[in-house]
Amino acid sequence: MDDNEEVGYMEEDYYSALNLPRDATQEEISKAYRNLSKIFHPDKHDNGENKQKAELMFNRTKKAYKVLSDPHQRAIYDSLGVKGLETEGWEIVHRTKTPNEIREEYERLAQEREERRLQQKTNPRGNISVHINATDFFSRYDDDYYDTGLLPSIEVSGMSMSQSIEAPLSRTEIATLSGSLHLQNGVGSGNFLLSGKRLINKGWFEVDCGAGNGPVLGAKGSRNLTNRIFLTGGTTFHFRPNAIIPGLTGTMAIQLDRNTLGYLTYNAGLQNSMSTVVERNTEKYHCNLTVTLGIPHCYIAASYTRKFLEQGLKLRLALKGGTFGFLSECGAEKKVSKYSSLSATVCVGVPSGVTLKIKYDPFIVLIPCEVQEGELCFRFFCRVVRSTQTYLFPIHLSEEIIPAAVFYATVTPLVTYFVLKKMLFDPMNEATKQKNIERVKETNSVRMAEKRKEAESAISLMGALFERIRKNELNSQGLIIVSALYGKFAASDAGNVTLEEADDMGFLHQNPLVIDVRIPLQCLVKDSQLTLYSSSKSELPGFYDPCFGEEKQLKIDYEFRNNSYSSVFADLDPVRIPINDFNRTDESAEDPDSEMEEENERNRRLHIESLGQLKSAKLKSIEKSLTEEQRKAEKEIEQTQLAAIYELLKKQADSSNLNEDDLKKQLSLYR
C-alpha cells in the first residue's frame, strides 16, 4: 500500500559466480577459481572478439575470487554484502574485528548518515481519536416523550487531536512544538507546549514551557548511572489563578537481563502514585506486569503479546483490576503495508461495559544509539517515525457486559478485515508489487543488460569445454543435459514451458521470461554429477536473471545410464543430480531410512566377504605345512569362531532387516 518503498538493486553473489557453498574452504575457493580461469583466461583465446569476452568474464571471476580469498573482505561481504565493500566514508576498521563488530560499525555509520538526513527536515506526527457512542445498538433507551425512531442512533461523543513538529537544531539539540485539542460532550480544552532537548554525554536534558489551563513550566532529564541502570525525572509547575500546583515524577530503570527491564516510578502532584513494572521483550513475545499504589486508584495489570513476524501479526491479551473495577482486553495487530499496521481490540470491563477500539498506526522505528565513555557504553533509542497520522476509533457498544455486544465486537472486525483484504488490500498490494518490480527493472536496466552480455559471452567461450564434457559423458553413459530452462514458470506447468511462445495472432516469438542454460549446466558436470548450491542460479557462469524480482524455477531434462529424467527446482534450492536409485517407484526409493539400511546391508556383506577371502587365503598358505592332527585342531577352532560370529550376527538382527536365512548366508560367505 506504500508507494514509496525503497527500490531494490541487483547485487552480485560471489559464491554463485564460483558455484561454491557459503561455507567453502580456501582450498575449494582456489580450486573453483582455477577451473574457471581455464575457460575464461584471455590468453587461452586468440580470436579478437572471444578475447574481449574472455576478459569480461575473467575480470568477473577474478573479482569474486579476490573478495572470497581475503578473510577480511569475505567477513565484510558475508555480513553486509557488496555494499559493505564500498568503503567510502568508513572509519578505520581493524582487520582483527569480527564480522559482528564490522556489522555494528557499518550500522553506526549508516545511522549517522540517516541522522544527518533527518536534521535537514522536520518530523511532523500526530494523533486523531474519534470517540463513538453506539450503545443504542444493544440497549436502546425507551422514552415516552421522545421518538427514538426505527434505527439506533450513533453519535460522536468526543474527539481528540494532537500534533507535534521536531526541528533538529544540531546533532545534539532538538526543538519540539506540540499541541492538542480535546472535545467531550460539547466541552473542549486545549494546550500547546514548546520543548528544547539536548543530548548530553550520559543522557539528555529537556526544558518545557506552554499554556493550557494556565501557563506550564517544566524540566526533565535522564542519566545513565551504569550500563544497566538509568534514572529519569522531571518537575512541572501549573500556574492557576489562585495557586501554583507543583508536580514531580521520577523513574529508575534496571536492565535485569538481555530482554528484561524493571521500572520503579513515583508521581506526586495532581495525582500521587507509585508503580512497579517488569517488562520482557523478545523476538517471539512481549509481556508486562504492573503494580500501582496511588490516590485515587490502585490496580494490578498484566499483558502478553505473541509475535508472528513472518505473518506480520501480533496477538495481545491483557487483564487489569483494581479499585476502579475490572477490565480485560483481547486484540490483534496486522501489518497491512511496509510502514503501517491495523489493529482491533475488544475491551470488556466493569463498569465500562464493552468497547471496540480500531487503530491505524504507522510503524515506529527505534534506532539504537550508543555513547562510549571509557569502558562503559550507554545505550538509548532514537524514535524515528514517518510523517503521518495515527487514527484511533474507540466505539462504545454497551454500558454493561452483554454477550451480543461481545460477539459482534469480536466477529465484525474479523469479517470486515478479510473482506477488505480480499477486495482492497490484496489488489492494492499486488499493484504496488508490480509497480515496484517495474521500477526495479527500470533502475537496474543497465546492470541487467550487462549481466545478459556476460552470460552470452560465457556461453560462447564454453563451446570447446561443452563438447569435451558431453563426449566423455556419452562414452561413459553418464550425465547428459538434454534441455535446461531457467526463468519464471509454475512448477506445475513445467512440462509445457518452452523458449518460444505464441502471441494472439499465432506468431512465435522469444519467451522473455525464460532462458536456455543447457550449455553452462553441462559444463558444470563433473564425474557424472551436477551440484549447485543454495543460492540464486542467476549468478552462475552463463546465467542471468530474465525476470528480476520475481520467483524463478530451473527445469532440467537429462539422460543417465541411457534413461531419461526430468526435474524442476526452485531458484534457491540446492541441486544434485543424479541421485542414487532416484525416480524409483517402489517404496524403498521414497524412504530415506530404507535406502540407508540397504546401503548398510551391502557394506556389511562386502565386509564379511572380504574377511572370508582373507581367511581362505591364509588357510591355503599354511595348509601344506600342517599335520593331520594340526588340521583337525584348526578345523575345531574354525567351527568355534563360526559359531561365535553367528551369535554376534544374530544379536544384530534386532537393529537390521536380516532374518535367520540372511544370517546363514553371511556366515557362508565368511566360511
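Student: Which residue in β25 stands opposite L479?

Tutor: In this predicted model, the residue of β25 that stands opposite L479 is F560. The two strands concerned, β20 (residues 479-487) and β25, pair in the antiparallel sense over 8 bridges.

Student: And which strand pairs with β25 over 8 bridges besides that, and in what sense?

Tutor: Strand β26 (residues 563-570) pairs with β25, in the antiparallel sense and over 8 bridges, and within that pairing E559 has S564 of β26 as its bridge partner. The two strands form a hairpin that leaves 2 residues between them, and R561 in the turn has a positive phi of about 55°.

Student: How many residues of β25 are buried?

Tutor: The count is 7 of its 8 residues, so β25 is largely enclosed by the rest of the structure.

Student: Let me move to S536. Where does it lie, and is it buried or exposed?

Tutor: S536 lies in the loop between β24 (530-532) and β25 (553-560). Its relative accessible area is 19%, and S536 is therefore buried, given that the cut-off for buried is under 20%.

Student: What does the side chain of S536 make polar contacts with?

Tutor: One polar contact, of 2.9 Å, is with the side chain of S538, and another, of 3.0 Å, joins the side chains of S536 and D571. If you leave aside the neighbours within four places in sequence, S536 is in contact with S16, Y486, D571 and L572.

Student: Before I lean on any of that, what is the mean pLDDT of the chain?

Tutor: The mean pLDDT is 78, and 71% of the residues reach 70 or more. Confidence is highest in strand β12 (residues 299-308), at a mean of 95, and lowest in strand β18 (residues 376-385), at 37.

Student: Where does pLDDT stay under 50?

Tutor: It stays under 50 over residues 1-7, for which the model has 25 contacts beyond four places in sequence. Residues 364-387 also stay under 50, and for these the model has 56 such contacts.

Student: Changing topic, how many aromatic pairs are there?

Tutor: The count comes to 10 aromatic pairs. Y285 and Y304 form one that is stacked, with 5.9 Å from centre to centre and 20° between the planes. This pair links distant parts of the chain, as Y285 is in strand β11 (residues 285-295) and Y304 is in strand β12, 19 residues apart.

Student: How accessible are Y285 and Y304?

Tutor: Y285 counts as partly exposed at 23% relative accessibility, and Y304 is also partly exposed, with a relative accessible area of 37%.

Student: Why is the pair of F407 and Y408 called edge-to-face?

Tutor: The planes of the F407 and Y408 rings are at 80°, with the centres 5.4 Å apart, so the pair is edge-to-face; the cut-off for that label is an angle over 60 degrees. F407 is partly exposed, with a relative accessible area of 48%, and Y408 counts as partly exposed at 46%.

Student: Which residues do ring pairs link into a cluster?

Tutor: Those are Y14, Y15 and Y77.

Student: Now the backbone. Which peptide bonds are cis?

Tutor: One cis bond runs from V350 to P351, with omega near 10°, and P351 is found in the loop between β15 (340-350) and β16 (353-362). Another joins I577 and P578, where omega is about -5°, and P578 is in the loop between β27 (575-577) and α11 (587-590).

Student: What about N19, what is its phi and where does it lie?

Tutor: N19 has a positive phi of about 55° although it is not a glycine. It lies in the loop between α1 (14-17) and α2 (26-40), and N19 is buried, with a relative accessible area of 15%. Q477 likewise has a positive phi of about 55° without being a glycine; Q477 lies in the loop between α9 (463-475) and β20, and counts as partly exposed at 39% relative accessibility.

Student: Last one: what should helix α8 span?

Tutor: At 1.5 Å a residue, the 17 residues of α8 (residues 445-461) should span 24 Å, and the end C-alpha atoms are 25 Å apart, which agrees. The buried residues of α8 include R447, M448, K451 and E454.

Notes: Residues are numbered from 1 along each chain as its sequence is written. Side-chain values use heavy atoms; hydrogens and water are left out. Helices (H or I, at least four residues) and strands (E, at least two) are DSSP runs, numbered from the N terminus. Buried means under 20% relative accessible area, exposed over 50%, partly exposed in between (1.4 Å probe, protein chains only). A polar contact is a pair of N or O atoms within 3.5 Å; within protein, one must be able to donate a hydrogen and the other to accept it, and residues adjacent in sequence count only if both atoms are side-chain atoms. Contact means heavy atoms within 4.5 Å. pLDDT is the predictor's confidence in each residue, from 0 to 100. The expected span of a helix is 1.5 Å times one less than its number of residues. Two strands pair if DSSP finds at least two bridges between them. Rings of Phe, Tyr and Trp (its six-membered ring) pair if their centres lie within 6.5 Å; planes under 30 degrees apart count as stacked, over 60 as edge-to-face and the rest as tilted.
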